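Biologist: Before I look at the side chains, could you tell me how to read this model and which terms you will use?

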Amino acid sequence: MYNGIGLTTPRGSGTNGYVIRNLSAMRPHQSESAADRAAAWDVAPPKHREPDQAILEHERLRQVEVKCLELQLQLEDDGVDEDEIADRVDALRTKLVTDSNNAAAKSAKLLKPSDTHALAAAKKDEMAKMAAALGVRKDYQEGDAWNKDKIEEERRARATERAEREERREKDRLRMQEQKERWMKEQKERDRLRRRREDAMRK
């Protein structure tokens, strides 16, 4: 082994243990053509792996059962009656299940590297918070900013939505104006009748 490269020992390898460069291997930038490099831009973005909810639920219940088993072993060592042990373990299980249902998701810093699905769930929550902070739409896909057809389609959709919103606003304004005019006519009619009654009472 030299500089951390190679075999720790040549015994059983059928070689003398020396590390030499493979001159017959071609590097990626030597084998790909200009067309391959141009086509690399058309490759779909990598898909993010979704966390498996069944595995997360199983891990959550496993943690509950571990604590219940620890309590059961401790009570058995203390010589507690079996019926009381069963009751106390059931009470603890119910409490832990309720608490775990209401508990918030753990931070990625508190998780072990082996908890891949929990890490994926924490990463998903973190990305959702970041997207909400930056105002990113939920239907946004990577690369949409460079898709001219989609940009034009979204612009037309926004223009149509704006026109519909203005039309609804104009209809609401006309309806309110009609209601106001009708109310004013009714008010004038009531005032006219009131004045007529007052004139009749004076006579």
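Modeller: A salt bridge is a side-chain nitrogen of Lys or Arg within 4 Å of a carboxyl oxygen of Asp or Glu. The model is predicted, with local features needing pLDDT of at least 70 and side-chain atom pairs counting only at pLDDT 80 or more, while totals for chains, interfaces and linings use all residues. Residues are numbered from 1 along each chain as its sequence is written, and side-chain values use heavy atoms, with hydrogens and water left out.

Biologist: How far apart are N and O in the salt bridge between Glu167 and Lys171?

Modeller: Both residues lie in helix α6 (helices being DSSP runs of H or I, at least four residues, numbered from the N terminus, as strands are for E, at least two), and they sit four residues apart, about one turn of the helix. Glu167 has a relative accessible area of 45% and is therefore partly exposed, a class between buried, under 20%, and exposed, over 50%, using a 1.4 Å probe and protein chains only. The side chains of Glu167 and Lys171 meet with an N to O distance of 3.7 Å.

Biologist: Which residue forms a salt bridge with Arg156?

Modeller: Arg156 is partly exposed at 48% relative accessibility. Its partner lies four residues away in helix α6 (residues 148–202), and the closest N and O atoms are 3.9 Å apart in this salt bridge with Glu152.

Biologist: Which residue is linked with Asp90 and Arg93 in a network of salt bridges?

Modeller: Asp90 and Arg93 are three residues apart in helix α4, so about one helical turn separates them. Their side chains meet at 3.0 Å, N to O, and the network that links Asp90 and Arg93 also includes Glu65.
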